[in-house]
Amino acid sequence: MVLRKHGAANAEIDELLRYTEPAFDLTGAADRRFPLDDEPFLATWTDYEAEAAQRGVWPCLRDKLVQLRFPIADGMSRSTAYRAATRRGDLSDAPRPTDGLCLRSPNKLRLILHRTPAGRIPVLIAEEREDFVALLRALVHRNEPHPIPAAQGACLVGSYNNWNRVHRLRAHWRFRRPHATAAEWHAEFQALVPRKELYQDSFILLSAGPYSGVSGNDLGMAESSWRHMSLRIRLEHECAHYFTRRVLGSMSNSLHDELIADYVGLTVATGYFRTEWFLRFMGVDQQSAIRPDGRLHAYRGKPPLSKGAFRVLQRIVWSAAYGVNVLDPIPTRSSPHTQRLANGILSLANETVESLAVLGCVHRKHHV
């Protein structure tokens with residue numbers, strides 16, 4: 001067994017098998033044609049993009065996303081005004097937009113609608129690290145000063161309750177029912193709740209800093225070139241997560257997910273999967289010990305792997321990374337770009353961490 005070959009004891013084998021249990025639902029995925037149609041939230045974000053082109057991204061989104069009306073502060077999520085705004089869309093006691101979240105360089109904020117095999121997705125890009133952290137805390141961590149790891153430079157926000165879309169639905173409903181009562185709207189709203197596609201969004205937050213907190217000097221690149229490449233890797237990495245979430249029904253902080261996402265990011269940005277770069281990103285490039293800033297710390301699982309099982313996982317990363325290179329699931333140029341990406345993701349999703357590690361062990365044995 002590959003886990004035992006990498007030093008796992010009996011108890012650790014059970015633990016690691018639970019950790020690496022496949023989470024993707026591949027039923028019918030191979031028969032789908034890509035790219036998929038956009039999800040319903042794209043219509044609203046297309047309006048945001050047009051408005052942002054006139055007013056600026058920050059003024060536009062600050063008026064639309066209710067969390068941006070509030071500053072980052074300990075206990076903010078428990079305040080009455082915050083709960084009313086985020087749970088009911090009631091902004092009557094919320095701060096004015098100009099009194100809410102503060103960014104260091106709001107004029108440098110960018111909004112794009114990026115094409116992926118799973119359809120287009122909004123992407124919000126912060127040039128300043130401080131602004132990325134502020135947006136992440138507001139939109140993901142309920143405006144609390146949650147610690148953000150230095151190696152984290154992106155986040156796919158899913159199932160976001162967009163109260164601006166609800167307000168639009170209400171305005172349209174009231175236009176058709178001008179004499180309707182508040183009780184009638186409440187009944188209409190309750191009927192809308194199960195239809196999450198009408199008010200829940202997905203979008204990506206990106207920082208423009210170096211990928212995984214790794215400097216260009218570590219990779220033998222000029223910092224300016226590395227920052228440009230980092231943004232492309234980071235963007236395609238998150239788009240791979242969007243694909244597995246929408247198409248395969250799962251996205252998690254696990255080694256399998258990160259292998260897939262980094263494979264896509266590196267292949268699109270650099271032309272192929274750079275195994276040594278991936279190992280550096282994970283913090284296991286020296287094999288003797290994991291780096292304190294390595295991303296693998298963030299993928300220890302819930303509940304987290306024991307110390308012994310985590311040490312085995314560090315060894316598994318090496319073999320699995322080389323296994324990805326052996327598989328090379330995007331080798332052909334005969335099909336359209338989005339279809340190739342989709343096929344590559346599906347190929348890797350159809351493997352397990354253990355099967356990739358087996359491929360990697362064979363490869364390394366023959367190339368020592």
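**Pockets, a cavity and a sheet**

Let me begin with the second largest pocket, where helix 7 gives the largest share of the lining, 4 residues. Before going on, I should say that this is a predicted model, in which local features need pLDDT of at least 70 and side-chain atom pairs count only at pLDDT 80 or more, while totals for chains, interfaces and linings use all residues. Residues are numbered from 1 along each chain as its sequence is written, and side-chain values use heavy atoms, with hydrogens and water left out.

A pocket here is an open set of points on a 1 Å grid over the protein atoms alone, with protein on both sides within 12 Å along at least five of seven lines, whereas a cavity is a set of points where a 1.4 Å probe fits but cannot get out; lining residues have an atom within 4 Å of a point. Grid points are joined across faces, edges and corners, and a volume is the space filled by probe spheres set on the points. Helices (H or I, at least four residues) and strands (E, at least two) are DSSP runs, numbered from the N terminus.

The second largest pocket holds about 210 Å³ of space, and at least two of its lining residues come from each of helix 5 (80-88), helix 7 (163-176) and helix 8 (182-192). Among the residues that line this pocket are Arg-87, Asp-90, Trp-163, His-167, Arg-170 and Trp-185.

Turning to enclosed space, the count comes to 1 cavity of 30 Å³ or more, and the largest cavity has a volume of about 30 Å³. Its lining consists of Thr-116, Pro-117, Glu-236, Cys-239, Ala-240, Val-264, Leu-341 and Ile-345; helix 9 (223-248) and helix 13 (337-349) each supply at least two of the lining residues, and helix 9 has the largest share, 3 residues.

Helix 9 also leads us to the sheet, since this helix lies across strand 1, strand 2, strand 3 and strand 4 (200-207), in contact meaning heavy atoms within 4.5 Å. The sheet is open, with 4 strands in the order 1-2-4-3 and mixed pairing, two strands being paired if DSSP finds at least two bridges between them. Strand 1 (110-114) and strand 3 (154-161) stand at the edges with a single partner strand each, so one side of each is left without a neighbour in the sheet. Strand 1 and strand 2 (residues 121-126) pair in the antiparallel sense over 5 bridges, and Ile-112 stands opposite Val-123 in strand 2.

How values were computed. Axes fitted to C-alpha atoms, helices over the stretch in contact; angles between N-to-C directions.
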